[in-house]
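Trainee: Please take one part of this model and walk me through it closely. I would like the helix, set against the rest of the chain.

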Amino acid sequence: MNTTSYKVVKLTNGEEIICQLGDDIVNGEYMINLPLKMEVQSQLTKKGFVDSLNLSRWIGPYTEQSLFTIKSSHVLLIADASEGLCRYYEHV
C-alpha cells in the first residue's frame, strides 16, 4: 500500500467499515488493514432517541488476520473518514 489513510467503505451487501486503505488497486482488489464494522444504534433516552456509533471487528473472532482484500466490484463507495471518526477508530 502506498499512501495509507482512514476511509469509510460502503459494501454492496450493505455493511459499512472504517479501515486503513491504500491508494492501489491490485488485480481488481483493494487491500484494507484493520477493518472495523460500523453500526449506528438508536437508544431511547429521557430527551428522546439518540444515535450512537458502535465499532466492532469486521470478521469478528474468526481470525487474527488484520490485512484483507476486497474485490472492487463489492465496493459501492469510499469516503475520507472525519477527524472525529478517525480519533474514535484509533481509540477502539
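Mentor: Read from the N terminus, the pattern is β-β-β-β-β-β-α. That gives 1 helix and 6 strands. Keep in mind that this is a predicted model. The C-alpha atoms fill a box of roughly 50 × 25 × 25 Å along the principal axes. The chain has 92 residues, and 28% of them are buried. Take the contacts between residues at least 6 apart in sequence: 48% of these join residues at least 24 apart.

Now the helix. H1 covers residues 83-91, and its buried residues are Leu85, Cys86 and Tyr89. Viewed down the axis of H1, these buried residues fall within an arc of 105°, so they line one face of the helix. The other side of H1 carries exposed residues: Glu83, Arg87, Glu90 and His91. What does the buried set pack against? The partners of the buried residues of H1 are strands S1 (5-11), S2 (16-26), S3 (29-45) and S4 (48-57).

Stay with Cys86 for a moment. Cysteine 86 has 14% relative accessibility, so it counts as buried under the 20% limit. Is a disulfide involved? The structure holds 0 disulfides. Cysteine 86 is in none, and the nearest cysteine sulfur, on cysteine 19, is 11 Å away. A disulfide would need the two sulfur atoms within 2.5 Å. Cysteine 19 is also buried, with a relative accessible area of 0%.Next, the strands that H1 packs against. S3 is one of them, and lysine 37 is found in S3. Lysine 37 is partly exposed, with a relative accessible area of 22%. Which residues does lysine 37 touch beyond four places in sequence? The contacts are Glu15, Glu16, Ile17, Asn54, Leu55, Ser56, Arg57 and Trp58. Glutamate 15 lies 22 residues from lysine 37 along the chain, with 7.2 Å between their C-alpha atoms.

S3 also contributes to the largest pocket. The largest share of that lining, 3 residues, comes from S3. The pocket has a volume of about 160 Å³. Its lining consists of Leu34, Pro35, Leu36, Arg57, Trp58, Ile59, Gly60, Thr63, Glu64, Gln65, Ser66 and Phe68. By class, the lining splits into 6 nonpolar, 4 polar and 2 charged residues.

Trp58 leads on to S5. Isoleucine 70 is in strand S5, residues 67-71, and touches Trp58. Isoleucine 70 has 8% relative accessibility and counts as buried. Beyond four places in sequence, the other contacts of isoleucine 70 are Leu11, Ile17, Gly28, Glu29, Tyr30, Ile32 and Val75. Isoleucine 32 is 38 residues away from isoleucine 70 in sequence, yet the C-alpha atoms are 7.5 Å apart.

Key. Residues numbered from 1 in each chain as written. Predicted model: local features only at pLDDT ≥ 70, side-chain atom pairs only at ≥ 80, totals over all residues. Heavy atoms only, no water. Buried < 20%, exposed > 50% of the residue type's maximum accessible area, 1.4 Å probe, protein only. Helix = DSSP H or I, 4+ residues; strand = E, 2+ residues; numbered from the N terminus. Arc of directions from axis to C-beta. Contact = heavy atoms within 4.5 Å. 1 Å grid on protein atoms, 1.4 Å probe; cavity = no way out; pocket = protein on both sides within 12 Å on 5 of 7 lines; lining within 4 Å. Points joined across faces, edges and corners; volume = space filled by probe spheres on them. Nonpolar A, V, L, I, M, F, W, Y, C, P; charged D, E, K, R; others polar.
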